[in-house]
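These are my notebook entries on a few side-chain arrangements. I took them in the order in which I looked them up.

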Amino acid sequence: MPKNLAKVQKQIAKKKGAATSSLHENSRDAKRLRRAGARSEKLEKLSTARAMAYQPYQMSNSYLSRNADELATIQSERRPGRPTSTREDTLKQGIDAEDKEYASGFWIPDISDAATVDRLTEWNGEWSSLNNLKFVRVAKDGGKHASSFPPNGNS
């Protein structure tokens, strides 16, 4: 028996003389429609929760790849056999340093916590007010650990 809402609706519509608008409220088909609808809502809610939990990883990956286009254009413009330019060396060093930091973990505000998000939107940009925010470390391997800011070597 199908559990997908669209499949249930299609199957009920195929029945002879049955229209979804003319179902009795406690009929078998109406109960199947309610169950399938509730299941699809539950699955949609779970998928949005998973997407929100994965959001810091997507943001860090997009942040790390921000210089990839510029580095690729500089490398393609360089003639073979020529030494690398200072800009290319600087970009490579920056990317390597950020990759090492990402392997150990980035300190970012915990955007899964509603109170932290509210404080972050009201943040005035001062360094001293950062201790009011809840921070986590997001590592490359997918780990997310509670942390404090500024880092003191314990987290």
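I started with R32, which at 13% relative accessibility counts as buried (under 20% relative accessible area is buried, over 50% exposed and in between partly exposed, with a 1.4 Å probe and protein chains only). R32 is found in helix α2, residues 28-64, where helices are DSSP runs of H or I with at least four residues, strands are E runs with at least two, and both are numbered from the N terminus. I then asked what the side chain of R32 makes a polar contact with. The partner is the side chain of Q11, at 2.4 Å; a polar contact here is a pair of N or O atoms within 3.5 Å, where within protein one must be able to donate a hydrogen and the other to accept it, and residues adjacent in sequence count only if both atoms are side-chain atoms.

Before going on I noted the terms of the model: it is predicted, local features need pLDDT of at least 70, side-chain atom pairs count only at pLDDT 80 or more, and totals for chains, interfaces and linings use all residues. Residues are numbered from 1 along each chain as its sequence is written, and side-chain values use heavy atoms, with hydrogens and water left out.

Next I looked at D29, which is also found in helix α2 and is buried, with a relative accessible area of 12%. Leaving aside neighbours within four places in sequence, I found D29 in contact with I12, K15 and L23, contact meaning heavy atoms within 4.5 Å. The side chains of D29 and K15 are joined by a polar contact of 3.0 Å.

That led me to the salt bridges, of which the structure holds seven, each defined as a side-chain nitrogen of Lys or Arg within 4 Å of a carboxyl oxygen of Asp or Glu. K15 forms one with D29, and the closest N and O atoms are 3.0 Å apart. Because K15 lies in the loop between α1 (5-14) and α2 while D29 is in helix α2, the pair ties together parts that are 14 residues apart in sequence. K15 itself counts as partly exposed, at 40% relative accessibility.

I looked up a second salt bridge between the side chains of E88 and R78, at 3.2 Å from N to O. This pair links distant parts of the chain, with E88 in helix α4 (residues 86-104) and R78 in the loop between α3 (68-77) and α4, ten residues apart. Is E88 buried or exposed? E88 is buried, with a relative accessible area of 0%, whereas R78 is partly exposed at 30%.

A third salt bridge joins the side chains of K134 and D110, at 3.8 Å from N to O. Here too the pair links distant parts of the chain: K134 is in the loop between α5 (114-121) and β2, D110 is in the loop between β1 and α5, and they are 24 residues apart. I noted K134 as partly exposed, with a relative accessible area of 42%, and D110 as buried, at 6% relative accessibility. Salt bridges that share partners also join K15, D29 and R32 into one network.

I turned to the rings, where Phe, Tyr and Trp (its six-membered ring) pair if their centres lie within 6.5 Å, with planes under 30 degrees apart counted as stacked, over 60 as edge-to-face and the rest as tilted. By this rule I counted two aromatic pairs. Y63 and F106 form an edge-to-face pair, 6.3 Å centre to centre with 80° between the planes. This pair links distant parts of the chain, Y63 in helix α2 and F106 in strand β1 (residues 106-109), 43 residues apart. Y63 counts as partly exposed at 42% relative accessibility, while F106 counts as buried at 10%. The rings of Y102 and F106 have their centres 5.3 Å apart and their planes at 25°, so this pair is stacked. Y102 is buried, with a relative accessible area of 4%, and Y63, Y102 and F106 form one aromatic cluster.

I also checked for charges over rings, meaning NZ of Lys or CZ of Arg within 6 Å of the ring centre and within 35 degrees of the ring normal. R66 lies over the face of Y63, 4.0 Å from the ring centre, and the charged end of R137 sits over the ring of W107, 4.3 Å from its centre.

My last entry follows R137 to the strands, where R137 stands opposite H145 in β3. Strand β2 (residues 135-138) and strand β3 (residues 144-147) run antiparallel and are joined by four bridges; strands pair if DSSP finds at least two bridges between them. The hairpin of β2 and β3 has five residues between the strands, and in it G142 takes a positive phi near 100°.
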